[in-house]
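Visitor: Could you take me through this structure slowly, one question at a time?
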Amino acid sequence: MGKDDVIESGAGGGEFAAKDYTDPPPAPLIDAADWGSWSLYRAVIAEFIATLLFLYITVATVIGYKHQTDASASGADAACGGVGVLGIAWAFGGMIFVLVYCTAGISGGHINPAVTFGLFLARKVSLVRALLYIVAQCLGAICGVGLVKAFQSAYFDRYGGGANSLASGYSRGTGLGAEIIGTFVLVYTVFSATDPKRNARDSHVPVLAPLPIGFAVFMVHLATIPVTGTGINPARSLGAAVIYNKDKPWDDHWIFWVGPLVGAAIAAFYHQYILRAGAIKALGSFRSNA
């Protein structure tokens, strides 16, 4: 019997009698108290600003890399210039690490509608908060990419505006699968890094939570940049598509909503009902009260 089994079984043999942690109560579907709370609007503003900064830094990195590696603009040695795919992946992962660290105590540091959707399905946030977060994230993404275009207008359209689209040679099914798996990795990492059981037993975990989340984004980008340019964040894809506004990104745009939302839903189900055995615990509680 492992440590978890001993603790959750309790000394007297009663199941879940001696937990060393407390699961937060499920968030209500509609929380009327949220509407009159400044903390909600402060959190929405934090999500807007964080997503704006995220898109500005990352899309500017993508545009800069393409310019530096353009032989017609940077000379014959252009192929050896720029930050490379590794640098782009670091820009995305590093910004998520920084921004989650900065905003986790205010809004939870979602910065991604797929993360918000997964946490909503797990009853970690209310419907009202989830919807406001997603709207703020999408508006922040559009504004962030708009800033890139304003500051780099000479290069923005020329180098694709940082917009996500399916790379040539890949089917839409492949792109969709890449987005589902990539978002699953991210949202599963979010659930694991913020698990109240882990936080209770390892005091350093809450401080380090942004690090594995940022690394998850970094690793997924390494794997999927060649396929879809890496979405795993519908707001990121929407912001670039709106400002760039060309046919190809819009034709493929559904992939960058359906894939991340499906991946987030699978991750929420896997963590809550398989790893944390939520369904079994609920059934045990029902039987004990019967």
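Visitor: In which helix is Thr51 placed?
Guide: This is a predicted model, in which local features need pLDDT of at least 70, side-chain atom pairs count only at pLDDT 80 or more, and totals for chains, interfaces and linings use all residues. Residues are numbered from 1 along each chain as its sequence is written, and side-chain values use heavy atoms, leaving out hydrogens and water. Helices are DSSP runs of H or I with at least four residues, numbered from the N terminus, and the run from 38 to 68 that holds Thr51 is helix α3.

Visitor: Is Thr51 buried or exposed?
Guide: A residue is called buried under 20% relative accessible area, exposed over 50%, and partly exposed in between (1.4 Å probe, protein chains only). Because its relative accessible area is 0%, Thr51 is buried.

Visitor: Which backbone oxygen does the side chain of Thr51 reach?
Guide: A polar contact is a pair of N or O atoms within 3.5 Å, where within protein one must be able to donate a hydrogen and the other to accept it, and residues adjacent in sequence count only if both atoms are side-chain atoms. At 2.7 Å, the side chain of Thr51 reaches the backbone oxygen of Glu47.

Visitor: How exposed is Leu208, by its relative accessible area?
Guide: Leu208 is found in helix α11, which covers residues 205-208. Leu208 is partly exposed, because its relative accessible area is 42%.

Key. Helices (H or I, at least four residues) and strands (E, at least two) are DSSP runs, numbered from the N terminus.
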